[in-house]
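Visitor: Could you take me on a close look at one part of this structure, and then follow it into its surroundings? I would enjoy a connected account.

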Amino acid sequence: MPPPKRTTRPELDNGFVLDILNLGRRPGSTKAIERTVPAPSRIGLDAIAIEAGVPVSLDLQLQAVSEGVLVTGSVRAVTAGECTRCLDPVSGNVDVYLTELFAYPNSITEETTDADEIHRIADDLIDLEPVIVDAVGLELPLHPVCSDECEGLCPECGVRLAIAESGHSHDTIDPRWAGLAAKFGVDPEPSTELVNNEAEEK
């Protein structure tokens, strides 16, 4: 009688963890993975990320090769964060394409590659989380903005310049007069003469 067909272990094959027991090690064997799972934790950058619990769509192809399993395909999710100019909420989508080799235990690749340079298969399981974390972090913008035209915040009062009155500005006191103004309770006019003198000296 032929040996019983191996089945996946549902308690292990979930989320970003893939069970490759059924894939086997014959080079060329393939397996498709399509699933949507909640992000186990916040994935991304300080200003924008996939928040924990947000659905992450995986559309992947696993292929057995001589040294391990090659994982290719896309990872998609909705992102949320704040504009780095005006601090308003921003949202978007991230779509990254993975191409990653996971090495078999005791393979030449596993034995000759530094631990931090390649991902490994353990107990016929592939953990995609560190790969997805790295890929998403590289794809997201370091300084997300709500729009390219965003003017940001007023440096003096913090109001959004997009909603500020036309000609919004603040009078500034020459710092050399600020101490005297505070001492005598005077509200001096901004000094343009000193500013002009400084410009001429430079």
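**From one strand to the core**

Guide: Gladly; let us start at threonine 72, which lies in strand E6, residues 68-82. Do keep in mind that this is a predicted model. Threonine 72 is buried, its relative accessible area being 18%. Beyond its neighbours within four places in sequence, threonine 72 is in contact with Asp59, Leu60 and Gln61, and also with Tyr97, Leu98 and Thr99.

Strand E6 also meets a helix: the buried residues of H2 pack against E6, as well as against strands E3 (43-44), E4 (48-50), E5 (55-65), E7 (89-103) and E8 (119-120). In H2, which spans residues 129-139, Val131, Ile132, Ala135 and Val136 are buried. These residues sit on the same side of H2, because they cover an arc of only 120° around the axis.

Now to the core. The largest nonpolar core has 37 residues, and Val69, Ile126 and Leu128 touch the most other members. Strand E2 (30-38), E4, E5, E6, E7 and H2 each supply at least two residues of this core. Isoleucine 126, leaving aside neighbours within four places in sequence, is in contact with Phe16, Val17, Leu18, Ile20, Val69, Val71, Phe102 and Ile121.

Finally, a word on the cysteines. The whole structure holds zero disulfides. Cysteine 83 is in none, with the nearest cysteine sulfur, that of cysteine 86, 3.7 Å away. Cysteine 83 is buried, at 0% relative accessibility, and cysteine 86 is buried too, with a relative accessible area of 4%. For cysteine 86, the closest cysteine sulfur is in cysteine 146, and at 3.7 Å this is too far for a bond.

Notes
Residues numbered from 1 in each chain as written. Predicted model: local features only at pLDDT ≥ 70, side-chain atom pairs only at ≥ 80, totals over all residues. Heavy atoms only, no water. Helix = DSSP H or I, 4+ residues; strand = E, 2+ residues; numbered from the N terminus. Buried < 20%, exposed > 50% of the residue type's maximum accessible area, 1.4 Å probe, protein only. Contact = heavy atoms within 4.5 Å. Arc of directions from axis to C-beta. Core = buried A, V, L, I, M, F, W, Y, C linked by side-chain atoms within 4.5 Å. Disulfide = S-S within 2.5 Å.
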